Amino acid sequence: MSTPYDRSHLDALLTGRTADIAVPTGTAHFFYGADGSAAVRLPDGTRRKGHWKLDDDCYEAQWPGLPPGRTQVLPGADGWEMRDATTGEPRGRVIALRPGNPQGL
């Protein structure tokens, strides 16, 4: 199993970017703002705004009405794999990264 990226790698990979993430129901689009803001559009079109922050080997996202989620990012064969930092369960696979918020999330 691969080792999760640390804080400096996660910062370089995610901060100020939008990630397209393959999940079982389609593709979700997540924006990770440099100011700690976060936004997502899920495959079903649902949009949410929240906050995110870096930790030692994961990031934590907080969405209104939901418990905080901690996610690790690891190198994978076809992109970066994402898994729940607590349970190790897969969350998705990063298939593209774009600078800024081109989707207007």
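**A tour from β7 to helix α1**

Select Thr71 first: Asp84, in β7, stands opposite this residue. The model on screen is a predicted one. Now show β6 together with β7, which covers residues 79-84; the two strands pair in the antiparallel sense, with six bridges between them. They form a hairpin, and two residues lie between the strands.

Keep β6 selected and add β5. β5 and β6 also pair in the antiparallel sense, over three bridges. Six residues separate the strands in this hairpin, and among them you can pick out Gly65, whose phi is positive, near 80 degrees. Next, select Glu60 and look across to β6: the bridge partner there is Arg70.

While looking along these strands, keep one general point in mind. Side chains in a regular strand alternate between the two faces of the sheet.

Stay on Arg70 and show side chains. Which residues are linked with Arg70 in a network of salt bridges? The network joins Asp55, Glu60 and Arg70. Select Asp55 to see one contact in detail: its side chain meets that of Arg70 in a salt bridge, 2.7 Å from N to O. Arg70 belongs to strand β6 (residues 69-76) and Asp55 to the loop between β4 and β5, so this salt bridge ties together parts 15 residues apart in sequence. Colour the pair by accessibility. Arg70 is partly exposed, at a relative accessible area of 29%, and Asp55 is partly exposed too, at 25%.

Move on to Asp56. Its side chain forms a salt bridge with that of Arg7, at 3.5 Å from N to O. This pair links distant parts of the chain: Asp56 sits in the loop between β4 (47-54) and β5 (59-62), Arg7 sits in helix α1 (residues 7-14), and the two are 49 residues apart. Is Asp56 buried or exposed? Asp56 counts as exposed, because its relative accessibility of 54% is over the 50% cut-off. Arg7 is partly exposed, at 38%.

Arg7 has brought the tour to helix α1. Select Leu10, Leu13 and Leu14, which are buried. Around the axis they cover an arc of only 75 degrees, so they lie on the same side of α1. As a general matter, an α-helix has 3.6 residues a turn, so residues three or four places apart point the same way.

For a contrast within the helix, select Ala12, which also has its place in α1. Ala12 is exposed, with a relative accessible area of 56%. Draw a distance from the C-alpha atom of Ala12 to that of Gln62: the separation is 20 Å, for residues 50 apart along the chain. Then step to Gly16, just after α1, where phi is positive, about 75 degrees.

The last stop is another charged pair. Select Asp20 and Arg98, which form a salt bridge whose closest N and O atoms are 2.1 Å apart. Which parts of the chain does the pair link? Asp20 lies in strand β1 (residues 17-23) and Arg98 in strand β8 (residues 90-99), distant parts of the chain with the two residues 78 apart. Asp20 is buried, at a relative accessible area of 5%, whereas Arg98 is partly exposed, at 34%.

To close, show every salt bridge at once. How many does a search of the whole structure find? The search finds five, including the pair of Asp20 and Arg98.

Terms used: Residues numbered from 1 in each chain as written. Predicted model: local features only at pLDDT ≥ 70, side-chain atom pairs only at ≥ 80, totals over all residues. Heavy atoms only, no water. Salt bridge = Lys/Arg side-chain N within 4 Å of Asp/Glu carboxyl O. Helix = DSSP H or I, 4+ residues; strand = E, 2+ residues; numbered from the N terminus. Buried < 20%, exposed > 50% of the residue type's maximum accessible area, 1.4 Å probe, protein only. Pairing = 2+ DSSP bridges. Arc of directions from axis to C-beta.
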